[in-house]
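Reader: I should like to learn how to read the features of a protein model. May we go through one together?

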Amino acid sequence: MMGLDLIFGPSIERGPRRRRVYLTFDDGPNERATDAILGTLAAERVPAAFFMVGDHVRRFPQLARRVVGEGHMVGNHTHNHVKLHLVGRTRLRHQLEVAHNAIEWATGQRPRAFRAPHGYRSPYLRTAARELGYTVFGWTFGVFDTAKPGVEEIRRRVRKRLRPGAIVLLHDGDGYDPEGDRMQTAHALPGIIEDGRHAGYEFAPLSELLNNHS
Ligand SMILES: [Zn+2]
């Protein structure tokens, strides 16, 4: 991936190969799923990272605020989930800044992490991310939970693919539909946590992988 990194800038796709794994949720906040997921995370004392769509943050600012208040990391996932490889420098910059401002407005915190919708990076992303002070994250694996394959199937896919350092991509929202249904993912989460712990993994905060972690 070195060649791609030179063009698009670096992105973190996996943590150190210790028995630590990282839960991440994209495309929220979402009224039902984010609420349910936060409840599970609190009950299990598990940290997570939420890469939010700025437009959804504007719609549900109290949920974004609650995510931060409960100790989780909020990252930027663009203003309205555009595919970054299709846009020019100005529009890319605008997408990042509008979402950045929405997150800061809603949570009182400047986001320090970014994840590109669908993983589509762009040569312009590197500069914009550096100027905004972002660490760019990818993921180790996703489980296509957005296709709603069933609660047990989502759980099974995570269990099969979990490995040391894994950054797990899940979805608490729909990038395009603020009312999108992600309750299968929410309902799969308790089992995912149980399986991970049973396999000897600790769920760790993604913030420990920030470039300028402090
Ligand atoms: Zn997304």
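Author: The turns that follow take up strands, a helix, the core and some backbone angles. Please keep in mind that the model is predicted.

Reader: Let us begin with the strands. How many bridges join strand 1 to strand 7, and in which sense do they run?

Author: Strand pairing is read from the bridges between two strands. Here, five bridges join strand 1 to strand 7 (residues 167-171), and the two run parallel. One of the partners can be named: D26 has H171 as its bridge partner in strand 7.

Reader: With which residues of strand 2 do D26 and T24 pair?

Author: In strand 2, D26 stands opposite F51, while T24 has A49 as its bridge partner. Strand 1 and strand 2 pair in the parallel sense, over three bridges. Strand 1 also pairs in the parallel sense with strand 8 (residues 202-203), over two bridges, and there R20 stands opposite E202.

Reader: How many residues of strand 1 are buried, and why is the strand called largely enclosed?

Author: Burial is judged by counting neighbours; a residue is buried if 20 or more other C-beta atoms lie within 10 Å of its own. In strand 1, six of the seven residues are buried, so the strand is largely enclosed by the rest of the structure.

Reader: In strand 2, which residues point one way and which the other?

Author: A49 and F51 point one way from strand 2, F50 and M52 point the other way, and all of these are buried. Strand 2 continues the pairing on to strand 3, in the parallel sense and over four bridges; F50 stands opposite V74 of strand 3.

Reader: What unit do strand 1, helix 2 and strand 2 make?

Author: Two strands and the helix that links them may be read together as one unit. Strand 1, helix 2 and strand 2 make a β-α-β unit, and that unit is right-handed.

Reader: Let us turn to a helix. Which residues of helix 4 are buried, and why are they said to line one face?

Author: An α-helix has 3.6 residues a turn, so residues three or four places apart point the same way. In helix 4 (residues 61-69), the buried residues are L63, A64 and V67. Seen down the axis of helix 4, these buried residues fall within an arc of 100°, so they line one face of the helix. They pack against helix 2, strand 2, helix 3 (54-59), strand 3 (73-76) and helix 5.

Reader: How many residues has the largest nonpolar core, and which have the most contacts inside it?

Author: The largest nonpolar core has 55 residues, and A64, L125 and V168 have the most contacts inside it. Helix 5 (residues 89-107) gives the most to this core, with six residues. To read one member in detail, take V168: leaving aside its neighbours within four places in sequence, V168 is in contact with V21, Y22, L23, T24, W139, T140, F141 and V158.

Reader: Is A106 of helix 5 buried or exposed?

Author: A106 is buried, because 24 other C-beta atoms lie within 10 Å. Not counting residues up to four places away in sequence, A106 touches V57, P61, A64 and R65. One may also compare sequence with space: A106 and L206 are 100 residues apart in sequence and 21 Å apart, C-alpha to C-alpha.

Reader: How should the backbone angles be read, and what is phi of D27 and of R45?

Author: Most residues other than glycine have a negative phi, and most peptide bonds are trans. Phi of D27 is near 80°, and phi of R45 is near 55°. D27 is found in the loop between strand 1 and helix 2, and R45 in the loop between helix 2 and strand 2. D27 counts as buried, because it has 27 C-beta neighbours inside 10 Å. R45 is exposed, with 9 other C-beta atoms within 10 Å. A glycine, G71, takes a positive phi of about 90° just after helix 4.

Reader: Which two residues does a cis peptide bond join?

Author: A cis peptide bond joins G28 and P29, with omega about 0°. P29 is found in the loop between strand 1 (20-26) and helix 2 (33-44).

Terms used: Residues are numbered from 1 along each chain as its sequence is written. This is a predicted model: local features need pLDDT of at least 70, side-chain atom pairs count only at pLDDT 80 or more; totals for chains, interfaces and linings use all residues. A nonpolar core is a set of buried Ala, Val, Leu, Ile, Met, Phe, Trp, Tyr and Cys residues joined through C-beta atoms within 7 Å. A residue is buried if 20 or more other C-beta atoms lie within 10 Å of its own, exposed if 12 or fewer, and partly exposed in between; C-beta atoms are placed from the backbone. Two residues are in contact if their C-beta atoms, placed from the backbone, lie within 7 Å. The arc is that of the directions from the helix axis to the C-beta atoms. Two strands pair if DSSP finds at least two bridges between them. A crossover is right-handed if, with the strands pointing away from the viewer, the path from the first strand over the helix to the second runs clockwise.
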